[in-house]
Structures are given as structure tokens and as C-alpha cells.
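Open the model in your viewer and keep the selection tool at hand. The tour below goes from an empty space to the parts around it.

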Amino acid sequence: MGDLFIGEEANNPQISFLFLLSGKLFEQSLSLPGSIDSRRLRVLLPRPRAPAMAFFRGLTAVSRLRSRVAQETTTLGGVRWLQMQSASDLDLKSQLQELIPEQQDRLKKLKSEHGKVQLGNITVDMVLGGMRGMTGMLWETSLLDPDEGIRFRGLSIPECQKVLPTAVKDGEPLPEGLLWLLLTGKVPTKEQVDALSKELVSRSSVPGHVYKAIDALPVTAHPMTQFTTGVMALQVESEFQKAYDKGMPKSKFWEPTYEDCLNLIARLPPVAAYVYRRIFKDGKTVAADNTLDYAANFSHMLGFDDPKMLELMRLYVTIHTDHEGGNVSAHTGHLVGSALSDPYLSFAAALNGLAGPLHGLANQEVLLWIKSVIGETGSDVTVDQLKEYVWKTLKSGKVSKLYEVVPPILTELGKVKNPWPNVDAHSGVLLNHFGLSEARYYTVLFGVSRSMGIGSQLIWDRALGLPLERPKSVTMEWLENHCRKATA
């Protein structure tokens, strides 16, 4: 083995790698999160034939360790610590190229060793109840915890706020950082996030025909109708369709899918901003400021430059990116994509699902509900008046969520396991506070954000070679006969 020494500073935990070669001492240091005990880390270097080769192999080992220090099982102040990467690895696509073979092997092993393991029983209630509670699809980028809420690659929203790079000190996470996390499972450095921001800017040019397609619609058309039309108009730029038409091996499908998804994510803010300014600001558009990050530039193009609004937009886009795979928009994007429809077609379908009142219109509906409360009871509403109005809403078949009054009532109702509000309860209210008061537009904001989650998973769908989704359906007669036999 080569000569290797490991040291640690008490106040600033780090590992110092000392390479003793030809009588000369070389040092490479690696700072560590405070909770990691460096005494538990070991680096073994094979003895090379030449001292120079030992040095460069040593640096390579250190670089690899830097990218793998702090796995999910380590905790830092309550934060589940994922793999950190060295600042030299700035290209997102090259990161995926390294990760994909490992995950392909992991999937093959899972199928070969555990393919027959049962995940649960399917009941008639599940079939008739929208498949709720039925485990039936693979979705790598996020998982919904019934108690803690959504986790992006294992990280909760508060944990993401702690570890993801920000635009300002102690600010909100940059969406580009979460996109990197969703795609790689690794927490990026600020340098990596900045590089991805620049890459998205370079991809953000929107062809003129897209705006012409939107302009062909009445200005009164719903913002989601106009937004989805813009996405469909972008489809003629699809790299996946071009590559598929020319012929390419299935193992390479992920590469043009990656190009499409990054292009789509980059071009959505200018398209979405165009729709907003066309409908609500007499068509007077605001030019992009490409010195800004993704969310801040989106806010700027909408016409909002208050630093607090920029921070809100960063947070909004970040936390709305993904919500595991079973919701309508995510499932629709996955389903349509499983037919090898390109990302533009898949995402346009997802947007049409997102536009439904029971899905993406939720934050709009919450804001309108709050306004209806004020309209009926006045701004000085009492707790008793609010309770009465909540019960009136629930009995009418609608569900709304407020922090102090509604959760106890929902608990009393007996039909709600977790009565505490999700992001829809306050995102629309915050947008309204900062001046973006056009509630009909909120789902478009949701759609811009959701592109990162759906696009990330679609890339992995292609990389893992996931098949066409084709569940079995039955009739009520089949269910009746089956139940009759089961109970006989």
C-alpha cells in the first residue's frame, strides 16, 4: 500500500491526505460535516509502479471520496446527508452517464431476485376508489411520507432548505439545485447550480411560431389552454422524435429525452410569462434578464422584481417540482411517456391533467374560498363564524384548509387522517400578497415547476427502459362475479 496518513482538526473537522512520495510530502484536505467521524473513514491506495502515478491516483481517490462522503445514513443537524460532489463535475449530463449503468444493474437485480415478492392486496375499494393506496408504479425522484410530507430523493423540504445552494445568504433553495438533486440523487455545489443555470439560459430561446400559436387563441382563453398550446407548439423542436425517426438503440433513448426535457424546462418560463402578460397586462411583455437565476428571471418576466418576490418564486418553483408519481399530472406524464411519446407530448398531457379542479387548481380554489369567506363574513371574521363557514363548505362537498380552525374540524369529521394543510393552503395567498393576484394563472406557475419533476423521472424512465404501462381493467359484472365466488 502507498504511504497514507489521515488527520483531523478538532474545530473544523476535515481529513488531510498526506502522500509520501520520493521523500516529498503532498497534502490534500477534505472538509467534512461535523457529524462525520473521520476516524471511521479509510482510503486504501494500491501501490503503483511509479511515484508520479501514485500521486495522481491518490488525488483521484480523494476526488472520488469527496463525491461520496456523507451518505444518507449520516445525520447533520437533523438533515439526511446525501452524496456531495466535487466542484469540478459541472456537467449534469456526464453525471447521469456515470450513474445510469449502476441504476440499470440495480433494477435488473431487483427484478431477478425479488420480482415475485407481493407488495400488498388489491381490494374492490381500491379499484372503485381511484386506485388509492395501490402500489403500482416506479417513481425515483420523490416519495410522499404520510407524516412528514414529500421527500425529494430522501430529503424533506426543510432539509432541502438547509443543504441546497441559494441565491442569497440564508435564502431559499434555487430550483436548479433541486433539479440536479432529482436527476442525480446528489446535493450539488453552488458551482454546479450556477453552471446549470447558465445551461438553461443557453437553451431558453423560444421559436417565433410558438407565440404565433398562442396568439391564434382568444385572449379570453384560460391561461392553461394557452400554456399547453405553447408547449405543443414547442414539440416540433423535439430531439427525441428526430432521433427515433432516424433509428437509434433503446439504450440511447435517454439522451435525446434529456435534451428535450432540459430544453422544455428552460423554455417554459418565457412561454408562461408571455401568457400572463398577454392576458393580464395588455400584451406588454418584459424582456428576460439572463443574469438572473431560473426562478428570479421567471418572476422578472412576469413583471415582479421585489427581492422578496424573487425569493418566494425560488421557493415556489422548488417545492412544487414533484409529488411522487401517483398524482394526476405525474402519472399522466409517465403513462403517455411509456408509449415513447416525446417529452413535449407527455408534458402537455400532464398539463391537461394539472388543469383539473381536483388537482392543479387547488391553490387557486383555496384563495377564491378565502375571498368568499371575507365576502360573506367580512374581514373581521370571528372563530365561530369561520367554523360555521368551514362546515358549510365541507357539507357542500368542497374541501379547504386553514391552519388554526380547519384541522380540528377535519379531525372531528373523522374522514381525514392528516388534517394539516399542504402547500396549496398558502402558496396562492403568498402570491396574492406580493401582487400576483390573478388566481386563474396560478396553475401555470404550478406547471412550470412540475416540469422539473416529470422531466427528471421521464429521463430515468428511458434510462431504465421502463415498459409501456398497461394495467388490467374489469367491469362491474366481473367484480360482482369475482366477489360472489370469493365469499361462497
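A cavity here is a set of grid points where a 1.4 Å probe fits but cannot get out. This is a predicted model, and a search of the whole structure finds one such cavity of 30 Å³ or more. The largest cavity holds about 60 Å³ of space.

**Stop 1: the cavity.** Select C261, L264, I265, P343, S346, F347, S451, I454, G455 and L458, which line the largest cavity. The elements that each give two or more residues to this lining are α10, α14 (343-354) and α19. Colour α19 separately: with four residues, α19 gives the most to the lining. Sorted by class, the lining has seven nonpolar residues, three polar ones and no charged ones.

**Stop 2: T321.** Go next to the loop between α12 and α13 (328-338), where T321 lies. Is T321 buried or exposed? T321 has a relative accessible area of 0%, so it counts as buried, the cut-off being under 20%. Show the T321 side chain, and you will find that it reaches the backbone oxygen of T318 at 3.0 Å. Beyond four places in sequence, T321 touches F152, L178, L182, S449, R450, M452, G453 and I454. One of these, I454, also belongs to the cavity lining of the previous stop.

**Stop 3: helix α11.** Select residues 294-302. Nine of the nine residues of this helix are buried, so α11 is largely enclosed by the rest of the structure. To see what encloses α11, display α5 (175-184), α6 (190-202), α10 (254-280), α12 (307-319) and α19 (442-464), against which its buried residues pack. At the N-terminal end, D293 acts as the cap, with a side-chain oxygen 3.4 Å from the backbone nitrogen of A295. After α11 comes G303, whose phi is positive, near 110°.

**Stop 4: the nonpolar cores.** Which residues have the most contacts inside the largest nonpolar core? Select F227, F298, L302, L436, Y441 and L445; the core they belong to has 66 residues. The largest share of this core, 15 residues, comes from α10. Centre the view on L445: apart from neighbours within four places in sequence, L445 is in contact with F298, L302, M313, Y316, L431 and L436. F298 and L302 are also among the buried residues of α11. Another core, of ten residues, lies apart from the largest one, and its members include I150, L155, L182 and V187. L182 is also one of the residues that T321 touches.

Conventions. Residues are numbered from 1 along each chain as its sequence is written. This is a predicted model: local features need pLDDT of at least 70, side-chain atom pairs count only at pLDDT 80 or more; totals for chains, interfaces and linings use all residues. Side-chain values use heavy atoms; hydrogens and water are left out. Buried means under 20% relative accessible area, exposed over 50%, partly exposed in between (1.4 Å probe, protein chains only). Contact means heavy atoms within 4.5 Å. A polar contact is a pair of N or O atoms within 3.5 Å; within protein, one must be able to donate a hydrogen and the other to accept it, and residues adjacent in sequence count only if both atoms are side-chain atoms. On a 1 Å grid over the protein atoms alone, a cavity is a set of points where a 1.4 Å probe fits but cannot get out, and a pocket is an open set with protein on both sides within 12 Å along at least five of seven lines; lining residues have an atom within 4 Å of a point. Grid points are joined across faces, edges and corners, and a volume is the space filled by probe spheres set on the points. Ala, Val, Leu, Ile, Met, Phe, Trp, Tyr, Cys and Pro count as nonpolar, Asp, Glu, Lys and Arg as charged, and the others, Gly among them, as polar. A nonpolar core is a set of buried Ala, Val, Leu, Ile, Met, Phe, Trp, Tyr and Cys residues joined through side-chain atoms within 4.5 Å.
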